[in-house]
Amino acid sequence: MTARRARPGWLRRNTIALASLVLTIPLLGWWSVRSDYDSWYDGEPRDAVEVAAGGTSYQDATWFAASVETDPSPRAGRTGTPLPDGTTRIRVYFRLQVDDVAKLEKLGGCLVHLRANDGRTWDESILDDEFQDRPTGCTGGSDEKPQSWRDPRLAPYFLKPKAGKPYETVAVFVVPTAVAAEVRPTITWATRLPQYLAFPR
């Protein structure tokens with residue numbers, strides 16, 4: 001009578017599979033966390049490019065210090081809508097210059113924000129549109145014909161940018177009154193994150 005060999009237990013039969021799981025699960029976890037971190041880091045404006053008083057070159061333009069008006073007139077919206085309680089209207093004037101007008105296209109897609117000392121940011125929003133009183137956007141604008149489709153009250157503010165000459169663009173925000181005196185203007189481009197332009201106030 002021949003002795004029967006003991007069959008290997010479940011653990012011994014699956015040693016290789018278990019070992020691969022022990023290696024694969026942490027590796028997948030690390031890869032997922034790293035990917036999420038990279039996505040978060042690259043999508044957050046964190047690295048300030050400070051604009052100097054004499055001008056700073058960025059995105060093929062020279063940017064100068066911005067000026068901020070708190071609670072400028074008019075204080076009501078275009079349809080007479082009053083500001084929400086506890087809020088203040090902010091108008092920011094940005095000055096910039098390009099040496100080649102064709103490079104204005106690179107300024108398209110800019111997003112203008114206000115940033116408080118605690119890191120909170122406010123973007124131009126649909127609410128702010130009601131309180132806009134100037135053309136906005138980083139590329140400026142032009143109105144060659146006073147009788148064009150644009151609102152005639154705004155026509156004087158549409159200026160045609162000229163190479164080598166500073167021009168001005170505007171952004172309007174509605175922010176909590178508690179932070180109105182401290183917010184600083186910033187500009188981001190999706191193509192340049194995590195960098196952002198930070199303007200002194």
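Analyst: Buried means under 20% relative accessible area and exposed means over 50%, with partly exposed in between, for a 1.4 Å probe and protein chains only. This is a predicted model, in which local features need pLDDT of at least 70 and side-chain atom pairs count only at pLDDT 80 or more, while totals for chains, interfaces and linings use all residues. Residues are numbered from 1 along each chain as its sequence is written, and side-chain values use heavy atoms, with hydrogens and water left out.

User: What relative accessible area does D71 have?

Analyst: D71 is found in the loop between β3 and β4; helices (H or I, at least four residues) and strands (E, at least two) are DSSP runs, numbered from the N terminus. Phi of D71 is near 60°, a positive value in a residue other than glycine, whereas most residues other than glycine have a negative phi. D71 counts as partly exposed because its relative accessible area is 31%.

User: Which residue forms a salt bridge with D71?

Analyst: A salt bridge is a side-chain nitrogen of Lys or Arg within 4 Å of a carboxyl oxygen of Asp or Glu, and the structure holds eight of them. In the one that involves D71, the closest N and O atoms are 3.1 Å apart. The partner is itself partly exposed, because its relative accessible area is 46%. That partner is R75.

User: How many residues apart in sequence are the parts that R91 and D133 tie together?

Analyst: The side chains of R91 and D133 meet in a salt bridge at 2.4 Å from N to O. R91 lies in strand β4 (residues 87–97) and D133 in the loop between α3 (126–129) and β7 (167–176), so the parts tied together by this pair are apart in sequence by 42 residues.

User: Which residues do salt bridges with shared partners join into one network?

Analyst: R91 counts as buried because its relative accessibility is 3%, and D133, at 12%, is buried as well. D133 also forms a salt bridge with R134, where the closest N and O atoms are 3.9 Å apart, and both R134 and D133 are buried. Through such shared partners, one network takes in E69, R89, R91, D133 and R134.

User: In what order do the strands of the four-stranded open sheet stand?

Analyst: Strands pair if DSSP finds at least two bridges between them, and the pairing in this sheet is antiparallel. Within it, β4 and β7 run antiparallel and are joined by ten bridges, with T87 having P176 in β7 as its bridge partner. The order of the four strands is β2-β3-β4-β7.

User: Is T169 buried or exposed?

Analyst: T169 has its place in strand β7. Leaving aside neighbours within four places in sequence, T169 is in contact (heavy atoms within 4.5 Å) with V92, Y93, F94, L96, P135, T136, G137 and C138. Because its relative accessibility is 5%, T169 counts as buried.

User: Which are the edge strands of the open sheet of five strands?

Analyst: The five strands have mixed pairing and stand in the order β1-β9-β8-β5-β6. Each edge strand pairs on one side only, and these strands are β1 (47–50) and β6 (121–123).

User: Which residue stands opposite T186 in β9?

Analyst: Strand β8 (residues 184–189) and strand β9 (residues 195–198) pair in the antiparallel sense over two bridges. The loop between β8 and β9 holds P194, which a cis peptide bond joins to L193, with omega at about 15°. Opposite T186 in β9 stands A198.

User: What is the omega of the peptide bond from S73 to P74?

Analyst: P74 is found in the loop between β3 (61–70) and β4. Most peptide bonds are trans, but the bond from S73 to P74 is cis, with omega near -5°.

User: Which element gives the largest share of the nonpolar patch?

Analyst: The nonpolar surface patch of about 530 Å² is made by W10, L11, L18, L21 and I25, and the elements that give two or more residues to it are α1 (10–13) and α2 (15–42). Patches consist of residues with over 30% relative accessible area and no salt bridge, with like charges joined within 9 Å and nonpolar side chains (Val, Leu, Ile, Met, Phe, Trp, Tyr) within 5 Å; areas come from the Shrake-Rupley method with a 1.4 Å probe, and for residues only the protein chains shown count as cover. L21, for example, counts as partly exposed because its relative accessibility is 46%. The largest share, three residues, comes from α2.
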